[in-house]
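Open your viewer, keep the selection tool handy, and let's take a walk together. At each stop there is something to select and a short note on what is there.

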Amino acid sequence: MYKHILIATDGSELAGKAVATGFDLARQLGAQVTLVTVTEPWTAFVTSETTFGFPIDEYEKTANESASRILSEARKLARKADIQCATVHAKDQFPAEGILETAKANHCDLIVMASHGRRGLGRLLLGSQAVRVLTHSTVPVLICR
Amino acid sequence: MLQHLLIATDGSPDGEKALRQGLGLAKTLSAKVTVATVTEPWTEAAFATLPTPSLVQIYEKSAAGNAAVILDRAKQAADEAGVECVTRHIKDQHAPQGVIKAAKDEQCDLIIVGSHGRGALGRALLGSVSLQVLTLSDRAVLVCR
């Protein structure tokens, strides 16, 4: 069965479900876990409110802080669930690409993620990054809701 | 915790992949399994010029026959794997709706599908039925590759 599960999280509530499901599965399957959170490149982040006075180094600092907060929350949950897990911050990538590359680099054989992330368009029935991961992944993908 | 898995297969190679992975997962998780195969409704339009009543019967008979072959094989694989399994033939439904309905009726907590079925567009990166199941499902979906 699956030996190395990649769990993707952006710290959102729904991603929390993916983390919980991934941990459950890992425990029952005796699988290794890698947790990934992705932060986007600076240019992708520009909106009308943030364009001014938001230099790259400041953005990167914020991105690093938010990623390490998300990952340390997840590590806490892992300890609680008695799961050994590695964490990866994939920088300067779009979420789907970051998830896929991390899966590949770590030879993961299952990706677990939520149907939607933090971004808008929650009304969409399936989030854009989930669709991209599903479309391009060469390994099975479990989408949580 | 996953307790009841719905595996959807149309007997295609990817459907069989879903079956194998689903049974493997069920065995490790001690979950029970429902294997469903869906046959679509008779499409009158395609045969509008023909005297349809007898053709409908022929169609239904062959649909039931095909479903039985697929499900018997699945049941056998489940028995060999030592997994508790029931099979369902969902008639006269479009595949995604049939799969989702089966999962709801059987109160499954995970739907397992292949990335592609028998549909014509094998070159598409993600099959249309899998995509629709992912889009419309209110429960977790595992797409196998």
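Two strands pair if DSSP finds at least two bridges between them. With that in mind, select B:L110 and look across to β5(B), where B:A140 stands opposite. One thing to remember along the way: this is a predicted model.

**Stop 1: chain B as a whole**

Colour chain B by secondary structure and you will find four helices and five strands. Follow the chain along its sequence and the pattern reads β-α-β-α-β-α-β-α-β. Chain B has 145 residues, and 41% of them are buried. Now turn on a contact map for chain B: of the contacts between residues at least 6 apart in sequence, 71% link residues at least 24 apart.

**Stop 2: the sheet**

Show only the strands of both chains. They make an open sheet of ten strands with mixed pairing, and you can trace the order β3(A)-β2(A)-β1(A)-β4(A)-β5(A)-β5(B)-β4(B)-β1(B)-β2(B)-β3(B). At the edges sit β3 (85-90) of chain A and β3 of chain B, each of which pairs on one side only. Look along the sheet to see the twist, which averages 20° from one strand to the next.

Two helices are worth adding to this view. Bring in α1(A), which packs on the sheet and touches β1 (4-8), β2 (32-38), β4 (110-114) and β5 of chain A, together with β5 of chain B. The direction of α1(A) makes about 150° with that of β4(A). Then bring in α3(B), which also packs on the sheet, touching β1, β2, β3 and β4 of chain B. The direction of α3(B) makes about 155° with that of β2(B).

**Stop 3: strand β4(B) and its partners**

Which strands does β4(B) pair with, and do they run parallel or antiparallel? Select β5(B): five bridges join it to β4(B), and the two run parallel. One residue couple to label here is B:V113 with its bridge partner B:V143 in β5(B). Then select β1(B), which is joined to β4(B) by three bridges, again in parallel. On that side, label B:L6, whose bridge partner in β4(B) is B:I111.

In a regular strand the side chains alternate between the two faces of the sheet. Show the residues of β4(B) to see both faces covered: B:L110, B:I112 and B:G114 lie on one side, B:I111 and B:V113 on the other, and all are buried. Five of the five residues of β4(B) are buried, so the strand is largely enclosed by the rest of the structure.

**Stop 4: helix α3(B) and the core**

Select α3 (residues 95-105) of chain B and highlight its buried residues: B:A95, B:P96, B:G98, B:V99, B:I100, B:A102 and B:A103. They pack against β1 (4-8), β2 (32-38), β3 (85-90), β4 (110-114) and α4 (128-136) of chain B. Just after the helix, check the backbone of B:Q107, which takes a positive phi of about 55°.

Stay with B:V99 for a moment. Apart from its neighbours within four places in sequence, B:V99 is in contact with B:A8, B:A36, B:V38, B:I111, B:V113 and B:V133. The largest nonpolar core has 83 residues, and the members that touch the most others are A:I111, B:V99, B:I111 and B:I112.

**Stop 5: where the chains meet**

Select the interface: 19 residues of chain A are in contact with 19 residues of chain B. On the chain A side, α1 (13-29), α4 (128-136) and β5 (141-144) each give two or more residues. That side divides into eleven nonpolar, six polar and two charged residues. Zoom in on β5(A) and β5 (residues 140-144) of chain B, which run antiparallel and are joined by three bridges. Here A:L142 has B:L142 as its bridge partner.

**Stop 6: two helices of chain A**

Two packed helices are described by the angle between their axes and the distance between the axes. For α3 (residues 95-105) of chain A and α4(A), the angle is about 40° and the axes are 8 Å apart. Their crossing is right-handed. Show A:P95, A:A96, A:I99 and A:L100 from α3(A), which meet A:Q129, A:R132, A:V133 and A:H136 from α4(A). This contact is made of five nonpolar residues, two polar and one charged.

**Last stop: a loop**

Finish at A:P41, in the loop between β2 and α2 (56-80) of chain A. A:P41 counts as partly exposed because it has 14 C-beta neighbours inside 10 Å. Draw a distance line to A:T9, 32 residues away along the chain, and the C-alpha atoms are separated by 17 Å.

How values were computed
Residues are numbered from 1 along each chain as its sequence is written. Chains are lettered from A and ligands numbered from 1 in the order in which they are written. This is a predicted model: local features need pLDDT of at least 70, side-chain atom pairs count only at pLDDT 80 or more; totals for chains, interfaces and linings use all residues. A residue is buried if 20 or more other C-beta atoms lie within 10 Å of its own, exposed if 12 or fewer, and partly exposed in between; C-beta atoms are placed from the backbone. Two residues are in contact if their C-beta atoms, placed from the backbone, lie within 7 Å. A nonpolar core is a set of buried Ala, Val, Leu, Ile, Met, Phe, Trp, Tyr and Cys residues joined through C-beta atoms within 7 Å. Ala, Val, Leu, Ile, Met, Phe, Trp, Tyr, Cys and Pro count as nonpolar, Asp, Glu, Lys and Arg as charged, and the others, Gly among them, as polar. Axes are lines fitted to C-alpha atoms, for helices over the stretch in contact, and angles run from 0 to 180 degrees between N-to-C directions. A crossing is left-handed if the near helix is turned anticlockwise from the far one by less than a right angle, and right-handed if clockwise.
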